[in-house]
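This briefing takes up a few local features of one structure, grouped by topic. Please keep the sequence and the coordinates at hand while reading.

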Amino acid sequence: MNENLDALLPELSLVGAAVIGLLAGSWLPRRRQWLIAVLAAAACTTGLVATAVTMATGREQTVFSHTFAVDAATDAGRLIVLGALLLVIGMSVETVRGHKRETEYWVLLLLTGAGTLALIGANDLLMLFAAYLLASIPAYALAGFAKDARGTEAALKYYLLGALLGTTMLAGTALLYGAGHATLYRDLRAALPAAPYGLVAVGLVAVLAGLLFKAGAVPAHFWVPDVTDGAPTPVAAYVTTLPKIGALIAGYRLLHQALPDSDVNWPLPLAILAAATMTLGNLAAFFQTSVTRLLAYSTISQVGYLLMALAVATRTDLSQKSLIFYLAAYAATNLGAFAVVTELPHARSLDDYRGLARRHPALAAVLLICLLGLVGTPPTGVFLGKLQVFSAAIDGGYTWLAALAVANTVASLFYYLRWLAPLFTTAAAPAHADTQTVLGRWSAATAYTAATVSLALGIAGGAVLPLATGRLLP
């Protein structure tokens, strides 16, 4: 049995930093607890370096009885998650600085990040469920970190739905184990084609229910707007970005590795869910006036586009690279928009952004890049990501889904423009003049970095796309 701990260095760096940070934070005075943020950033950097070394040396392997795979998808997912986690840390600095629970914030962020990394490489149903729990439980606490009425309500809804669908996921794991007499994906791949159809179908639906919850897809999307609106803005940025990366790559690996030869017709239901998710997200966002709720429904619609790659996971070779590249582009673009919202803590509605281009032109430019990027406007990374996903859907036989996605993309321009138009008006500032007071340099720097990455992925996409290709290890 391969028990090479070096293969898990990115995950271990986050967990180790969380343990050290919790112990150190118990003794540090409040004015020194920023050191835990430095420790968290160092852990992410360590993970990025370790991942880069693994990719350079081509050391693909499965570890611990094949329950965790270190392959192309795992390495690419690690780069996205750790890079995104660094951006979340950057936009969180001013929000939690001096808070009496500052250390706990960084520890929870590290733990849920480690859970997300575990989801990406999970190659076994029990490993998948354990990763789901590690990614979810700290996130529930983060959602209610502010301990106000809205945050408490958001955390409760998030927890209750997560507990329900987590239990459903565990039941599905039991059903698939009963059908295939195994939990390893490679063993299920061989056993499930001969298993009872109904048992496999119900078990798969139940397992996917938990992953759809993490991704924020229909019909498990109800928590997304409430948590995004009620949690601190950096936490909202986290829960609308990183869990999607872990859940969608985990779902892709499950479908591609465990069920390619099954008689269960899972691509069609996933295609229907993708269509429902992108359409509902866009329709619900049309008339939102709260910037956080608008971004929440925007993220739901983005999951719909991403689910297209899962629907054709075994039908085309384009599915893997399209999914991973789109996730990278979406993560940078979405976090850039949230960083601007973080930088302007009192601007809660679209109207509060009137005249932003005159007062803060750099922030207005970032918002312009990120919102048009989420539409899929060149030369941003999301444009290339959508092009790849739509091509994969057509190549996989779902031309109707690609056509619907194009229509949704055009429709989404309406509500993004409702936010962008006020930026360039010359009308007087809002009556409550402090709505455009900036928070600090860290969240601004995060916004500029994220927008730059989004543009770089669009311009240099040809050099980045090969990093998302490569076989999945059995």
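A residue counts as exposed when its relative accessible area is over 50%, as buried when that area is under 20%, and as partly exposed in between. With that cut-off, I20 and L23 are exposed residues on the face of α1 that is turned away from its buried side. The model is a predicted one, and the points below treat helix α1, the largest cavity, two cis peptide bonds, two residues with positive phi, and a buried tyrosine in a loop.

**Helix α1 and its two faces**

- Helix α1 covers residues 9–25, and because each of its 17 residues should advance the helix by 1.5 Å, a span of 24 Å is expected, which agrees with the 23 Å between its end C-alpha atoms.
- The buried residues of α1 are P10, E11, S13, L14, A17, A18, G21 and G25.
- These buried residues lie on the same side of α1, because the arc that they cover around the axis is only 160°.
- On that buried side, α1 packs against the helices α2 (34–57), α3 (72–96) and α4 (102–121), and also against the strand β2 (68–70).
- The face turned away from the buried side carries I20 and L23, both of them exposed.

**The largest cavity**

- Rolling a probe the size of a water molecule over the atoms shows where empty space is left.
- The structure holds one cavity of 30 Å³ or more, and the volume of the largest cavity is about 50 Å³.
- The residues that line the largest cavity are L208, L211, L212, A215, A247, L248, G251, L307 and L310.
- Three helices, α8 (197–215), α11 (242–258) and α13 (291–311), each supply at least two residues of this lining, and α8 gives the most, with four residues.
- Sorted by class, the lining of the largest cavity comprises eight nonpolar residues and one polar residue, with no charged residues.

**Cis peptide bonds**

- Most residues other than glycine have a negative phi, and most peptide bonds are trans.
- The peptide bond from V218 to P219 is cis, with omega near 5°, and P219 has its place in the loop between α8 and α9 (223–230).
- Another cis peptide bond joins P378 and P379, where omega is about 10°, and P379 sits in the loop between α16 (361–375) and α17 (381–395).

**Positive phi between β1 and β2**

- F64, a residue other than glycine, has a positive phi near 55°, and its place is in the loop between β1 (61–63) and β2.
- F64 counts as partly exposed, because its relative accessibility is 29%.
- H66 is not a glycine either, although its phi is positive at about 65°, and H66 is placed in the loop between β1 and β2.
- With a relative accessible area of 28%, H66 is therefore partly exposed.

**A buried loop residue**

- Is Y353, a residue in a loop, buried or exposed?
- Y353 lies in the loop between α14 (318–343) and α15 (356–359), and because its relative accessibility is 0%, Y353 counts as buried.
- Between the C-alpha atoms of Y353 and W106 there are 30 Å, while the two residues are 247 residues apart along the chain.

Notes:
Residues are numbered from 1 along each chain as its sequence is written. This is a predicted model: local features need pLDDT of at least 70, side-chain atom pairs count only at pLDDT 80 or more; totals for chains, interfaces and linings use all residues. Side-chain values use heavy atoms; hydrogens and water are left out. On a 1 Å grid over the protein atoms alone, a cavity is a set of points where a 1.4 Å probe fits but cannot get out, and a pocket is an open set with protein on both sides within 12 Å along at least five of seven lines; lining residues have an atom within 4 Å of a point. Grid points are joined across faces, edges and corners, and a volume is the space filled by probe spheres set on the points. Ala, Val, Leu, Ile, Met, Phe, Trp, Tyr, Cys and Pro count as nonpolar, Asp, Glu, Lys and Arg as charged, and the others, Gly among them, as polar. The expected span of a helix is 1.5 Å times one less than its number of residues. Buried means under 20% relative accessible area, exposed over 50%, partly exposed in between (1.4 Å probe, protein chains only). The arc is that of the directions from the helix axis to the C-beta atoms. Contact means heavy atoms within 4.5 Å.
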